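Hi everyone, thanks for making the time this morning. I'd like to walk you through one structure, so let me put it up on the screen.

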Amino acid sequence: MIETENLTRKFGNLTAVDNLTFKVNDGEIFGFLGPNGAGKTTTVRMLCCLISKTSGNARIGDYEIGKPENALKIRSMIGLVSDNVGLYESMTAYENLDYYGILYRRTDSQRKESTEYFLKLLGLWEKKDTLVGSFSKGMKQKLAIARALIHDPEILFMDEPTANLDPESAKTVREFILSLRKEKKTIFLNTHNLDEAQRVCDRIGILNSKLMAIGSPEELEHSVSGRKTVIQLKQVTEAILESITKLGVKNLVRDSNKITVDISSPEEENPDIVSAIVSAGGRIETVSVVGSALEDAYLKLVKNLQ
Ligand SMILES: Nc1ncnc2c1ncn2[C@@H]1O[C@H](COP(=O)(O)OP(=O)(O)O)[C@@H](O)[C@H]1O
Ligand SMILES: [Mg+2]
């Protein structure tokens, strides 16, 4: 559905987007995760035909970007929630949605139907005649998403839709994004928030000008080791330390009656570690795995580039 091949954008000497090659499948929520300045907005602007590419290629469905004759077709297939909300505050919720329907040349009945549908989906039907200026930030952002969907596009691009929201509004918006699953849209979500990507997305691409990694959250976790198992014992003995060392674990650290080792897969390694300790006469109080694995993977991948 979305496919790029060596897609590149330079601004003078700066390569903002460097040789991206990836695919986003139909109907998936794809997270484009990277720190500020990683090139997320630049990529989305190219894919939405708002700026030109420097080299490489990309297709939205069957249409190649960068060809003037395809731009209108691509724009009718996509919706964009850009990083500034840009609603009309002196218009009501209903008027905002209806106005965008007019811009997209939807018929009266199509507009009526989709405006009502989205306002109900958002829980805003009772507020349809309220001026948007009085809405909370979270409400506005949800309305901006609905507005981007008013012409029934197949693909929805969202550029950091929760970045400027308080935690409660961000949660509302995230839940709304998840509720769009049943609309069977393809969603391309730019975010610098790792937790958000992990909660909402089916697959994640990690960007830092270059594409550093791509996969499901689980696949990314497994691609980079970096977790630790922490075992609290009643008492650590030499026999216990020796039995763990024999397993070939990495970075065994003892701190009083606590032992920490580096692991790549807790499911596979922890049972052996625990049984080695028990066989050596150890009494275990707690076993825990520390560090969000995806966070480790993300930081490693992003730092590697610098
Ligand atoms: N119009 C522009 N002119 C010059 N540099 C730009 C322009 N737009 C973006 N950049 C630069 O390109 C890089 C990527 O920016 P951007 O795509 O906005 O990143 P992100 O959205 O991931 O924060 C940044 O270094 C930014 O300063
Ligand atoms: Mg951006």
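Let's start at ligand 1: which element gives the most to the shell around it? That is α1, with three residues. Please keep in mind as we go that this is a predicted model. The full set of residues surrounding ligand 1 is F11, L14, A16, G34, N36, G37, A38, G39, K40, T41 and T42. Two elements give two or more residues to this shell, namely β2, which covers 14–24, and α1, which covers 40–47. And if you sort the shell by class, you get six polar residues, four nonpolar and one charged.

Now let's zoom out to the whole chain. The domain assignment splits the protein into domain 1, running 2–219, and domain 2, running 227–290. Taken over C-alpha atoms, the centres of domain 1 and domain 2 are 46 Å apart.

My last stop is a helix pair. Two packed helices are described by the angle between their axes and the distance between the axes, so here are both values. Helix α9, residues 238–246, packs with helix α10, residues 266–279, at an angle of about 145°, and their axes are 8 Å apart. What is the handedness of the crossing of α9 and α10? It is right-handed. On the α9 side, the contact is made by I240, S243 and I244, while α10 brings in I273, A276, I277 and S279. By class, that contact has five nonpolar residues, two polar and no charged ones.

That's my tour, and I'm happy to go back to any of these views.

How values were computed
Residues numbered from 1 in each chain as written. Chains lettered and ligands numbered in written order. Predicted model: local features only at pLDDT ≥ 70, side-chain atom pairs only at ≥ 80, totals over all residues. Axes fitted to C-alpha atoms, helices over the stretch in contact; angles between N-to-C directions. Helix = DSSP H or I, 4+ residues; strand = E, 2+ residues; numbered from the N terminus. Left-handed = near helix turned anticlockwise from the far one by under 90°. Contact = placed C-beta atoms within 7 Å. Nonpolar A, V, L, I, M, F, W, Y, C, P; charged D, E, K, R; others polar. Near = placed C-beta within 6 Å. Domains from an automatic or database assignment.
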